[in-house]
Amino acid sequence: TENGSTVSTSPNYGFTISDDRIVVANFATNSFVAVKGTYNGLFYDETNGVAPQSSGFFTIAIITKGTFSGSLQVGGNRFSFSGQFDINGKGSKTIIRRNMTSLTVELQLDFSPGSDQITGTVSDGTWTAQLAGYRAVFNSKTNPAPQAGKYTLRIPGGDDSLAQPGGDGFGAVTVDGSGNVKFAGTLGDGTKVTQTTVVSQQGLWPFYASLYSGNGLILGWLTFTNEASDDINGLVGWIKLAQPTAKFYPVGFTNGTEAIGSKYVFTNGIPVLNFSTGQVWLVYGNLPESFTNRIAFGANKVTNLSSNKLSLTLTTSSGLLKGSVVNPATGKAILINGAVLQKQNFGSGTFLGTNQSGRVFFGP
């Protein structure tokens, strides 16, 4: 009861009134019918910056009566929760974490037509992260996702491989008719990354993976664009906390970089890239100096034209590259991996040195 009025979401409500009272009942529409569904998104501290312990991914399912259930991924852990929104679309939940400070989740639904958005905060009392996500709206039969198809993705490394990985991350992306996104790739220090999520009505992909046993992450909003220069782009933060026993980059690093992707289409008999002669170029990764192998590219096969041995294979079903090249300074083979970007007409990837990673370029 508030200001003489009583609000109830119960289907049955009993009360007693005296003879001199007048009862007025106002029946509101069930707003939750329009916003029910599953929401996916990210949370991170916009004031103090992205950090593994205060950033992550969430998914929330809402049904027509306004109840919700979901999970948070943060610091290598996953926490489930559930609750009830009020008639204004506000919800809150305290998540108890064993041997850790509890998390308070505050949620706000947007009932505006076409918004399909949920916002809020996640806090442990010391830090507060802003939360935002979008509803999954696509259906392969009645509302197919326009982003459906195959893609390749590049996550550039840094230009100082002493301080942070110099290799380029890469991976293969598939989007089905219902907007489900599947990513499998390798970061520029050799770390494997996978994610399954959903693209939003606006073409947004909440990209997130917890790394290094909870001591790092990669996170950012990627956008499917269908532009002349790319088909996916977005800023990502890649963080590794100090791990003294790690072979690669034990002091840790923070790398802000712009991911870029291209739709990948293979047609039998047609080259996936538009050049006939080119180069495979390696730099960083403890090399005393960069070196280049000249190549010919035809029928989607790579032919080495240089004296030091090179073997490089393109997997035409995914656009991924794999092979090895002999280091002319040592005579030892270096394993190389990467992916082609069709719109950019080149490929890139990574290789591992003794305690640093290096970049591979494949193109004209």
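## Close-up views of a strand-rich predicted model

**View 1. The β17–β18 hairpin and its turn.** Strands β17 and β18 make a hairpin, with 6 residues between the two strands. In the turn sits G285, whose phi is positive at about 60°. The two strands run antiparallel and are joined by 6 bridges, with β17 covering residues 277-284 and β18 covering residues 291-298. To find one of these bridges, start at V280 and look across to N293, its partner in β18. Please keep in mind throughout these views that the model is predicted.

**View 2. The pairing of β17 with β24.** Strand β17 also pairs with β24, which spans residues 357-363. These two strands run antiparallel, and 6 bridges join them. Which residue of β24 is the bridge partner of V283? That partner is R359.

**View 3. An aromatic pair between F275 and F362.** A pair of aromatic rings is described by the distance of the centres and the angle of the planes. Here the ring centres of F275 and F362 are 5.7 Å apart and the planes meet at 65°, so the pair counts as edge-to-face. The pair brings together distant parts of the chain: F275 belongs to the loop between β16 and β17, F362 belongs to strand β24, and 87 residues separate them. Are these two residues buried or exposed? F275 is buried, with a relative accessible area of 10%, and F362 is buried too, at 2%. A search of the whole structure finds 16 aromatic pairs.

**View 4. An aromatic cluster and a lysine over a ring.** Elsewhere, five residues to look for are F32, F68, F81, F85 and F111, which form one aromatic cluster. Another ring to visit is that of Y212: K240 lies over its face, at 5.0 Å from the ring centre.

**View 5. Two separate nonpolar cores.** The largest nonpolar core holds 27 residues, and L153, W205 and I218 have the most contacts inside it. Several strands give two or more residues to this core, among them β9 (149-155), β10 (169-175), β14 (216-224) and β16. The largest share, 4 residues, comes from β13. A second, separate core has 23 residues, including V74, F85, V122 and L131. F85 therefore appears in this core as well as in the aromatic cluster of the previous view.

**View 6. The surroundings of I218.** What does I218 touch, beyond residues up to four places away in sequence? Its contacts are I155, L187, F207, Y208, A209, L211, V236, G237 and W238.

**View 7. S262 in strand β16.** S262 has its place in β16, the strand of residues 253-263. With a relative accessibility of 1%, S262 counts as buried because the cut-off for buried is under 20%. Leaving aside neighbours within four places in sequence, S262 contacts K150, Y151 and T152, then D231, and also L341, Q342, K343 and Q344.

**View 8. The whole chain, for orientation.** To place the close-ups, it helps to step back: the protein chain contains 1 helix and 24 strands. Its C-alpha atoms fill a box of roughly 105 × 50 × 25 Å along the principal axes. Of its 364 residues, 48% count as buried. Among contacts with a separation of 6 or more, 48% come from residues 24 or more positions apart. The chain exposes about 18200 Å², and carbon and sulfur atoms supply 50% of that area.

Definitions and conventions: Residues are numbered from 1 along each chain as its sequence is written. This is a predicted model: local features need pLDDT of at least 70, side-chain atom pairs count only at pLDDT 80 or more; totals for chains, interfaces and linings use all residues. Side-chain values use heavy atoms; hydrogens and water are left out. Buried means under 20% relative accessible area, exposed over 50%, partly exposed in between (1.4 Å probe, protein chains only). Contact means heavy atoms within 4.5 Å. A nonpolar core is a set of buried Ala, Val, Leu, Ile, Met, Phe, Trp, Tyr and Cys residues joined through side-chain atoms within 4.5 Å. Two strands pair if DSSP finds at least two bridges between them. Rings of Phe, Tyr and Trp (its six-membered ring) pair if their centres lie within 6.5 Å; planes under 30 degrees apart count as stacked, over 60 as edge-to-face and the rest as tilted. A charge sits over a ring if NZ of Lys or CZ of Arg is within 6 Å of the ring centre and within 35 degrees of the ring normal. Accessible areas come from the Shrake-Rupley method with a 1.4 Å probe; for residues, only the protein chains shown count as cover.
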